[in-house]
Amino acid sequence: KRGMEAPSSLPPSLRNGQRNQRTTTSAEIVTEVRNGPQDQYQDYQDKIQQENRRKIENLVPQQEDRQHNQQQTRQASEAQPIPMNTPARQSLPDIMHLEAIPGKGLGVITDKPIAKGDLVGDYKGELMTLEEKDRRYLESLAHTRTPEDDAWLQSRLDRGQAATGTYLYGIAIPDPRHGIGKPKGHIFVDAEDEYCSLWTRFINHASPPNDNLRPQSLHVSWDGNPRVWFMAKRDIEAGEELTFNYGEDYWLEGD
């Protein structure tokens, strides 16, 4: 095709032993010497390889700088202290600390071993009936919210607390006629508000057998209130993240 045919001889600048002063591209070099003497062709092949090596060598420091900057960013992020400015965070035991867990947010790390069967902590928060929970968290029932529900939500927002409904722990209320198999209702512990909960709200999910805590619950404890607490289901090493299985009811379709 026109414009694609190789020249029959070297251009004048090369025939006369002169080099163009402008920078030539690899494609131009190949075109100019394609039909020239073999040794001259080899010289320009070497020049092309040197040009490509120089480009690669220039890229390596850029990649290293980019990786170094990314590493510094990660280290700076990890070095940022986690604010401990709410009652939930301040309730954290001395043998534990909060840590940013990739893909999870904050998590709880134990700094000392925990023996199997040890009581690890209580899960506390606002108590809600099933009706209260649904009115406050389901948009389909937003029209049924009471002035108390609106004040509750505004209080959360004023204190920088979210209202997602993802920190609810349901406790079955047994029916005396049927037992726990057919409960007559549920009561919910909502630990989302960090001003009404404890450090256990930061415990993340892990599926068995990777979970290391087992939740226990009573609809009426010794003080007359519902209680949720965590026991170590196995020996836990220092440096491990504390986790428990959230259960199938927690996950929405697609999670």
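In this predicted model, helix α6 (residues 147-158) lies across β4 and β6, and its direction makes an angle of about 150 degrees with β4. A second helix, α5 (residues 130-137), lies across β4, β5 and β6 and runs at about 100 degrees to β4. These two helices offer a starting point for a description of the chain, which has 6 helices and 10 strands.

## The sheet beneath the two helices

The strands β4, β6 and β5 form, in that order, an open sheet of 3 strands with antiparallel pairing. β4 (126-129) and β5 stand at the edges with a single partner strand each, so one side of each has no neighbour in the sheet. From one strand to the next, the twist averages 30 degrees.

The antiparallel pairing of β5 with β6 extends over 6 bridges. Within this pairing, alanine 172 has histidine 186 in β6 as its bridge partner.

Helix α5 contributes buried residues on this side of the structure: Lys133, Asp134, Arg135, Arg136 and Tyr137 are buried. Which elements cover them? The cover of the buried residues of α5 includes β4, α6, β5 and β6.

Beyond the end of β6, attention turns to one charged residue. Aspartate 193 is placed in the loop between β6 and β7 (204-205). Is aspartate 193 buried or exposed? A residue counts as buried when its relative accessible area is under 20%. Aspartate 193 has 1% relative accessibility and therefore counts as buried. Apart from residues up to four places away in sequence, aspartate 193 touches Glu126, Arg156, Arg159 and Gln161.

## The second sheet

Another open sheet of 3 strands has the order β3-β9-β8, again with antiparallel pairing. Its edge strands are β3 and β8, each of which pairs on one side only. Neighbouring strands of this sheet are turned against each other by 25 degrees on average, with direction ignored.

The pairings of β9 can be followed residue by residue. Glycine 121 has phenylalanine 230 in β9 as its bridge partner, and proline 215 also stands opposite phenylalanine 230 in β9. Serine 217 has valine 228 in β9 as its bridge partner. The table sets out the strand pairs for which a number of bridges is reported here.

| Strand pair | Sense | Bridges |
|---|---|---|
| β5 and β6 | antiparallel | 6 bridges |
| β3 and β9 | antiparallel | 3 bridges |
| β8 (residues 213-218) and β9 | antiparallel | 6 bridges |

## The nonpolar core

In soluble globular proteins, nonpolar side chains tend to be buried together. The largest nonpolar core of this model holds 23 residues, of which Met96, Val108, Val120, Trp199, Leu213 and Leu242 touch the most other members. Two or more residues of this core come from each of β1 (96-101), β5 (168-173), β6 (185-190) and β9 (227-232). Strand β9 gives the most, with 3 residues.

Tryptophan 199 illustrates how distant parts of the sequence meet. Leaving aside neighbours within four places in sequence, tryptophan 199 is in contact with Ala88, Ser91, Leu92, Pro93, Met96, Val108, Val120, Gly121 and Leu242. Among these contacts, Met96, Val108, Val120 and Leu242 are also named with tryptophan 199 as core residues that touch the most other members.

## A loop residue with distant contacts

Lysine 112 is found in the loop between β2 (105-110) and β3 (119-122). How far apart in space are lysine 112 and glycine 239, which are separated by 127 residues in sequence? Their C-alpha atoms are 7.3 Å apart. With neighbours within four places in sequence left aside, lysine 112 is in contact with Ile95 and Ala238.

For the chain as a whole, contacts with a separation of 6 or more have been examined, and residues 24 or more positions apart account for 60% of them. Of the 255 residues in the chain, 28% are buried.

## The largest pocket

Rolling a probe the size of a water molecule over the atoms shows where empty space is left. In this model, the largest pocket holds about 980 Å³ of space. It is lined by 30 residues, and the closest to its centre are Gly165, Thr166, Leu168, Asp249 and Tyr250. The elements that give two or more residues to the lining are β2, α5, β5 and β6. Strand β5 supplies the largest share of this lining, 3 residues.

Strands β5 and β6 thus connect several parts of this account: they pair with each other, they each give two or more residues to the largest nonpolar core, and they each give two or more residues to the lining of the largest pocket.

Definitions and conventions
Residues numbered from 1 in each chain as written. Predicted model: local features only at pLDDT ≥ 70, side-chain atom pairs only at ≥ 80, totals over all residues. Heavy atoms only, no water. Helix = DSSP H or I, 4+ residues; strand = E, 2+ residues; numbered from the N terminus. Contact = heavy atoms within 4.5 Å. Core = buried A, V, L, I, M, F, W, Y, C linked by side-chain atoms within 4.5 Å. Buried < 20%, exposed > 50% of the residue type's maximum accessible area, 1.4 Å probe, protein only. Pairing = 2+ DSSP bridges. Axes fitted to C-alpha atoms, helices over the stretch in contact; angles between N-to-C directions. 1 Å grid on protein atoms, 1.4 Å probe; cavity = no way out; pocket = protein on both sides within 12 Å on 5 of 7 lines; lining within 4 Å. Points joined across faces, edges and corners; volume = space filled by probe spheres on them.
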